[in-house]
Amino acid sequence: YVGLFGFTTEAAIKNVTLNNPSLVGRSYVAGIVGCAYTGSVENCHVTGEIDIEGNYMVGGITGHGYAKIADCSVIGDANWDYSVIMATYLESDIEGDNVGGIVGHKAENTTISNCEVANVTVTGTRKIGGIVGTTFQNNTIIGCDVSNITVTTNATEEYASNNAGSMGIGGIVGITSGSYTGGTISDCSVSGVT
């Protein structure tokens, strides 16, 4: 659990800005909270020269959790070439997946609202998204904006071939996990995404 806060439960984290973060960890790695298990994260921002790196569940705001996330942003310095949120393969089950501009892995029945991601590269082996890498059932993503970002895989050709059904790379969401259904994405915008 690596972040300004490692692990929180039933916490309300508000009005925090983290500038020029450089964070490296293994699992549950993010700018604000490694794992925001429950509670809320509101009006929190990660800015500047962003370098957040791990191997599993990596995000700009949170790596994983059920917490409600609102009015947060991850905005890299437009004049700096290297702002990155990145996960790399380490070993089986810690394989550089669940990577998102806001959240790496979003557990079910929660909301991400009015968030923004800009001027960063979001990369991992699979399950990579501009807002969230993996989302479970009945999550709502509303009023979020993604602009001027790159969403990419660093998987080898062999890995991608062996995991073709679960690669999941997207401008907003990388993948909806397993057989779970439900949830909505509304009033979001995507522009300048590679």
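In the predicted model, six strands are arranged as an open sheet with parallel pairing, in the order 1-6-11-18-23-27; strands (E, at least two residues) are DSSP runs numbered from the N terminus, and two strands pair if DSSP finds at least two bridges between them. Strand 1 (5–8) and strand 27 (173–176) occupy the edges, each with a single partner strand, so one side of each lacks a neighbour in the sheet. From one strand to the next, the twist averages 10 degrees, with axes fitted as lines to C-alpha atoms and angles run from 0 to 180 degrees between N-to-C directions. Strand 23 (residues 132–135) pairs with strand 27 in the parallel sense over three bridges, and Val132 has Val173 of strand 27 as its bridge partner.

This is a predicted model in which local features need pLDDT of at least 70 and side-chain atom pairs count only at pLDDT 80 or more, whereas totals for chains, interfaces and linings use all residues. Residues are numbered from 1 along each chain as its sequence is written, and side-chain values use heavy atoms, with hydrogens and water left out.

The largest nonpolar core (buried Ala, Val, Leu, Ile, Met, Phe, Trp, Tyr and Cys residues joined through side-chain atoms within 4.5 Å; buried means under 20% relative accessible area, 1.4 Å probe, protein chains only) has 39 residues, of which Ile32, Val41, Ile102, Ile112 and Ile131 touch the most other members. Two or more residues each are given to this core by strand 6, strand 14 (84–87) and strand 25 (145–153); strand 25 gives the largest share, three residues.

Tyr37 lies in the loop between strand 6 (33–36) and strand 7 (39–42). Tyr37 is partly exposed, at 35% relative accessible area, a class between under 20% (buried) and over 50% (exposed).

Definitions and conventions
Helix = DSSP H or I, 4+ residues; strand = E, 2+ residues; numbered from the N terminus.
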